[in-house]
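Here is a short briefing for a first look at this protein. Keep the sequence and the 3D view open as you read.

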Amino acid sequence: MNWRLFGFLLVLLVVLVAGCRQQNPTPTSESKLGIDLAVNPDPAQVGKSMLIITVTDAAGQPVNDAAVNVRGDMSHAGMAPVLAEVKGGADGQYSLPFEWTMGGDWFVTVTVTLPDGTTASQRFDLSVASAGGMGMNMSAATPEATP
């Protein structure tokens, strides 16, 4: 086998695979939205639950006219994401039904879109118990915002 041809094909394959990756929005500090997540019941467990997302502006005032999208992913590959969305809100709180399909480590990405098109995202890491199992360990990570 021609090793140069093999090397060229390998480099080409790596470039093509890297180009197909889903890109995350570039984090900026332009949006000063605060996003918090609570789960009911707490601790989270497999089955139906309610997510309560609280959105505040830079002054800490509630934001009511946003669209909120939620994507829940298991930390391991092979599981379909759980998606939910809600519009409106009262006192900055947005409630939406959500179903945990399996116990284990999850990350939930909440994306808020304001009427002017400004978006902000926050990722939350959770541990979901199997029926009758362990509790939830939730911590916020990787805030992202784009104008």
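The largest nonpolar core has 28 residues. Among its members, L51, I53, V70, W100, V110 and V112 touch the most others. Seven strands, β1 to β7, each supply at least two residues of this core. The model is a predicted one.

**The core and its strands**

- The contributing strands are β1 (34–40), β2, β3 (66–74), β4 (82–88), β5 (93–100), β6 (104–113) and β7 (119–128).
- Strand β2 covers residues 47–56.
- I53 is one of the residues that touch the most other core members. Beyond its neighbours within four places in sequence, I53 is in contact with I35, D36, L37, V68, V70, G92, Q93, Y94, L96 and V110.
- Two of those partners, V70 and V110, are also on the list of residues that touch the most other core members.

**Overall layout**

- The protein has one helix and eight strands.
- Along the sequence, the helix comes ahead of the strands, in the pattern α-β-β-β-β-β-β-β-β.
- The protein has 147 residues, and 31% of them count as buried.
- Take the contacts between residues at least 6 apart in sequence: 56% of them join residues at least 24 apart.

**The aromatic cluster**

- How many aromatic pairs does the structure hold? There are two.
- F98 and W100 form an edge-to-face pair, because their planes stand at 65°, over the 60 degrees required. Their ring centres are 4.7 Å apart.
- W100 and W106 are also edge-to-face, because their planes stand at 80°. Here the ring centres are 5.2 Å apart.
- W100 takes part in the pair with F98 and in the pair with W106. F98, W100 and W106 form one aromatic cluster.
- Is W100 buried or exposed? W100 is buried, with a relative accessible area of 1%.
- F98 is buried at 3% relative accessibility, and W106 is buried at 2%.

**S49 and its surroundings**

- S49 is found in strand β2.
- S49 counts as buried because its relative accessibility is 10%, and the limit is under 20%.
- Which side chain does the side chain of S49 join in a polar contact of 3.0 Å? The partner is W100.
- S49 also touches V39, N40, P41, L96, P97 and F98, besides W100, with residues up to four places away in sequence left out.
- S49 therefore touches two members of the aromatic cluster, F98 and W100.

**Charged side chains**

- The count of salt bridges comes to two.
- One joins the side chains of D73 and R71, with N and O 2.8 Å apart.
- D73 is buried, at 11% relative accessibility. R71 is partly exposed, at 36% relative accessible area.
- The other joins D125 and R123, where the closest N and O atoms are 3.0 Å apart.
- D125 is partly exposed, with a relative accessible area of 24%. R123 is partly exposed as well, at 29%.
- R123 has another partner: its charged end sits over the ring of F107, 4.2 Å from the ring centre.

Conventions. Residues are numbered from 1 along each chain as its sequence is written. This is a predicted model: local features need pLDDT of at least 70, side-chain atom pairs count only at pLDDT 80 or more; totals for chains, interfaces and linings use all residues. Side-chain values use heavy atoms; hydrogens and water are left out. Helices (H or I, at least four residues) and strands (E, at least two) are DSSP runs, numbered from the N terminus. Buried means under 20% relative accessible area, exposed over 50%, partly exposed in between (1.4 Å probe, protein chains only). A polar contact is a pair of N or O atoms within 3.5 Å; within protein, one must be able to donate a hydrogen and the other to accept it, and residues adjacent in sequence count only if both atoms are side-chain atoms. Contact means heavy atoms within 4.5 Å. A nonpolar core is a set of buried Ala, Val, Leu, Ile, Met, Phe, Trp, Tyr and Cys residues joined through side-chain atoms within 4.5 Å. A salt bridge is a side-chain nitrogen of Lys or Arg within 4 Å of a carboxyl oxygen of Asp or Glu. Rings of Phe, Tyr and Trp (its six-membered ring) pair if their centres lie within 6.5 Å; planes under 30 degrees apart count as stacked, over 60 as edge-to-face and the rest as tilted. A charge sits over a ring if NZ of Lys or CZ of Arg is within 6 Å of the ring centre and within 35 degrees of the ring normal.
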